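Please find below some comments on the model, set out as numbered points. They deal with charged pairs, aromatic rings and one glycine.

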Amino acid sequence: MSNPKVLLITPPFTQLNTPYPGTCYLKGYLNTQQVASYQVDLGIEVILRLFSKAGLRAMFDAVEAEGLLDRVSDNAMRIYQLREEYIATVHPVIRMLQHKNPTLAYSVAEREFLPEASRFDQLADLEWAFGNMGVQDKARHLATLYLEDLADFIKEAVDPHFGFSRYAERLGMSASSFDEMAEALSQEPSFIDGILMALLEEKIQHARPNMVCLSVPFPGNLYGALRCGQYIKANHPGVHVVMGGGYPNTELRSVSDPRVFAAIDFITLDDGERPIHHLMGHLFGDRKLEDLKRTFSLVEGKVVYHNGSKQGDVSFGQTGTPDYSDLPIDRYLSVLEVANPMHRLWSDGRWNKLTMAHGCYWKKCSFCDISLDYIKNYEPVSASILCDRMEEQMEQTGETGFHFVDEAAPPALMRELALEILRRKLVVTWWTNIRFESRFTPDLCRLLKISGCIAVSGGLEVASDRLLEKMKKGVTVEQVAQVAENFTQSGIMVHAYLMYGFPTQTDQETIDSLEMVRQLFMHGVIQSGFWHQFAMTAHAPAGLEPEFFGVERVGPVFEGFANNDLQHVDTSGADHVQYSEGLKKSLFNYMHGICFDYDLQEWFDFEVPGSSIPAHYIEQALADNPGTYISDSSRVVWLAAVPVLSFYEKRKKGKITVRARLSVELKSHSIDVTAEETEGKWLHAFLNRMSLASKEKITFAVLRQEYERDFGQSIDRLIHGQAWQELKNTALLIV
């Protein structure tokens with residue numbers, strides 16, 4: 001095999017604040033194979049070149065030269081007339097959003113530094129929205145509005161496809177035909193395309209690749225990817241162009257239109273490691289085309305799927321650590337949109353991205369693409385490997401924040417990861433997606449919090465037990481409330497994904513779901529949420545068997561390109577679309593802690609049924625919270641320093657007894673726990689064995705057996721005693 005040199009590209013646009021990890025994952029694997037690679041996020045590169053003095057001046061000049069100002073709105077004309085103000089302020093604002101110019105925040109927050117257009121009209125409630133968040137956050141929000149004003153101008157006067165986290169997204173969404181995309185690609189490159197092509201050429205000259213891999217996670221990356229491929233094939237015909245990622249994995253599994261391959265040479269599906277490894281073997285070695293793995297190419301004018309490889313996928317433990325080298329980590333922008341607390345986590349701060357486990361351990365939800373490999377093939381790795389990868393990434397990026405991007409992180413692995421983080425004394429901050437499992441007990445949530453977990457997001461979805469059962473979520477509303485309370489009480493923020501419009505969902509169930517959500521926010525067990533309308537997809541049970549779910553698929557007709565989003569008719573359900581605005585408006589207010597006393601009818605401009613949910617339903621569910629469930633296999637762990645053991649004499653009615661004192665040093669204070677002498681000695685010995693420094697793993701079964709052997713009494717005597725309860729309230733957990 002000759003030596004491949006791979007250029008890994010994330011096309012515009014994904015996130016402003018942190019790299020999308022697709023290329024990082026693949027680069028990590030290529031490192032294990034000693035394959036030379038270079039990666040680039042063209043999204044952030046385009047943004048930084050556009051939002052610079054030279055970039056804005058060139059943009060405004062182009063608009064004037066092309067005579068486009070005669071047909072723009074008053075708002076766009078205002079921005080154009082203030083162009084010198086924008087050109088003068090853009091560089092310091094970008095540096096502030098990169099945390100390189102923090103003192104500028106004082107000027108920005110005064111509202112006299114930045115030019116303002118229509119996005120600033122929404123600022124009437126700014127002080128209320130920010131409360132005591134401070135000057136830096138207020139300034140970053142104002143700077144975000146400033147950038148959005150410029151983005152509005154760009155969309156209106158320069159490029160209608162522009163968006164900060166997506167580019168020409170509409171062309172890639174539900175695109176059963178390639179016609180519209182082909183038409184867009186046949187047009188002269190736009191101003192933004194010109195920036196993209198210039199940057200792409202610079203990266204090619206720097207990396208000198210013979211293979212380019214385009215990672216396309218979303219519809220909003222597809223146009224940029226195909227523009228890149230088109231440019232490479234026209235200007236560097238010797239370079240092989242490969243496309244993979246989340247979009248092809250879900251949308252292009254049936255692609256048959258040969259026009260797609262005018263811009264690229266290959267499309268790979270699902271996990272990219274083995275397909276890319278085989279492609280290198282084919283392009284630079286002697287592997288036959290038919291022996292590739294999950295790869296499309298054009299053969300004699302027809303699209304052919306090659307999957308003759310007998311090798312399995314690379315195991316998750318062997319894929320290597322995601323590698324962030326080459327990416328400009330310190331140049332990403334921490335914008336602040338103030339949509340909701342979880343969206344703030346998504347757009348603010350630089351997060352290292354990792355996955356605890358490949359696939360989903362539940363893989364039953366009927367609205368989810370559980371037939372696809374990236375979900376159905378569940379493979380976790382050990383907590384030790386995860387922590388190794390965390391330490392490698394922290395060393396490389398200088399960042400200690402982690403977003404675990406699992407479909408649903410497994411509770412058992414989260415427990416082991418938290419213990420390993422604490423055992424290694426890593427100082428990290430992390431968040432992830434979960435199912436609202438009953439295994440997330442108060443003690444486990446406390447452990448996760450102590451290890452650095454700050455937030456979780458999970459699917460409450462329809463907040464209706466009938467529909468939750470129909471969609472096979474494996475949870476009830478009562479259980480969600482109790483688990484959410486466990487997280488909230490531990491100090492971990494809870495975000496709920498909310499769904500309306502699931503097949504056969506009635507008007508009554510929609511209103512009842514809203515009432516459940518109202519009560520959950522009113523009792524403070526959920527702090528963030530987002531409603532989205534059910535979408536039927538081709539790879540989910542609901543899309544594969546629509547008649548089983550009581551709906552009829554009515555389109556679209558597949559025309560050789562994308563096949564994922566399906567149109568359906570729900571004859572027995574509500575008119576779901578009409579509920580959208582009221583659901584989102586009510587949620588916005590609930591997240592701000594207000595309007596809980598409003599009648600649900602007030603959120604809608606049409607007649608809705610009254611709620612059938614008891615007014616105290618969630619309150620009762622919380623009262624019935626079973627707390628920490630203890631089984632023989634539960635781990636018993638002591639998270640503080642081992643207490644100092646001492647003894648003292650206690651005189652009562654003339655009788656002197658010796659008592660044990662366990663002196664516990666906590667971060668903010670000290671406590672003394674007392675016990676009868678023998679039991680105190682026994683507890684001290686066990687706390688040594690249960691500490692993180694100990695290599696012994698103590699289960700509740702071991703604790704019970706040894707206590708009952710040594711004292712001849714039921715373990716209940718110990719766990720209901722005052723000493724045990726005081727230790728439980730400090731650093732003793734059963735998880």
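1. Asp 443 is a sensible place to begin, since this acidic residue is buried, with a relative accessible area of only 3% against the cut-off of 20%. The model is a predicted one, and in it Asp 443 forms a salt bridge with Lys 728, the closest N and O atoms being 2.5 Å apart. Asp 443 belongs to helix H19 (residues 442-451) and Lys 728 to helix H29 (residues 722-728), so the bridge ties together parts of the chain that are 285 residues apart in sequence. Lys 728 also counts as buried, its relative accessibility being 16%.

2. The structure holds 38 salt bridges, and another of them joins Arg 294 to Asp 313, with 2.8 Å between the closest N and O atoms. Here both partners lie in loops: Arg 294 in the one between helix H14 (273-284) and strand E6 (295-299), and Asp 313 in the one between strand E7 (302-306) and helix H15 (341-347), so that parts 19 residues apart in sequence are tied together. Arg 294 is buried, at a relative accessible area of 6%, whereas Asp 313 is partly exposed, at 29%.

3. Which residue pairs with Arg 689 in a salt bridge? The partner is Glu 706, and the N to O distance between the two side chains is 2.9 Å. The pair links distant parts of the chain, with Arg 689 in helix H26 (residues 677-690) and Glu 706 in helix H27 (residues 700-711), 17 residues apart. Arg 689 is partly exposed, with a relative accessible area of 22%, while Glu 706 is buried, with 18%; given the 20% cut-off, the two labels differ because the values fall on opposite sides of it. Arg 689 also lies over the face of Phe 686, at 4.5 Å from the ring centre.

4. Beyond single pairs, salt bridges that share partners join Asp 388, Glu 391, Glu 420, Arg 423 and Arg 424 into one network. A charge placed over a ring is found again at Arg 435, which lies over the face of Trp 362, at 3.7 Å from the ring centre.

5. Turning to the aromatic residues, the structure holds 28 aromatic pairs. In one of them, the rings of Phe 162 and Phe 164 have centres 5.6 Å apart and planes at 70 degrees, so the pair is edge-to-face. Phe 162 is buried, with a relative accessible area of 2%, and Phe 164 is likewise counted as buried, at 17%. Both residues belong to one aromatic cluster, which they form together with Phe 13 and Phe 51.

6. Are the rings of Phe 402 and Phe 404 stacked or edge-to-face? Their centres are 6.3 Å apart and their planes stand at 20 degrees, so the pair is stacked. Both of these phenylalanines are buried.

7. A last point concerns Gly 401, which lies in strand E11 (residues 401-404) and is buried, with a relative accessible area of 9%. Leaving aside residues up to four places away in sequence, Gly 401 touches Arg 350, Trp 351, Asn 352 and Thr 429. Gly 349 is 52 residues from Gly 401 in sequence, yet the C-alpha to C-alpha distance between the two glycines is 8.3 Å.

Terms used. Residues numbered from 1 in each chain as written. Predicted model: local features only at pLDDT ≥ 70, side-chain atom pairs only at ≥ 80, totals over all residues. Heavy atoms only, no water. Helix = DSSP H or I, 4+ residues; strand = E, 2+ residues; numbered from the N terminus. Buried < 20%, exposed > 50% of the residue type's maximum accessible area, 1.4 Å probe, protein only. Contact = heavy atoms within 4.5 Å. Salt bridge = Lys/Arg side-chain N within 4 Å of Asp/Glu carboxyl O. Phe/Tyr/Trp six-rings, centres within 6.5 Å; stacked < 30°, edge-to-face > 60°. Lys NZ or Arg CZ within 6 Å of the ring centre and 35° of its normal.
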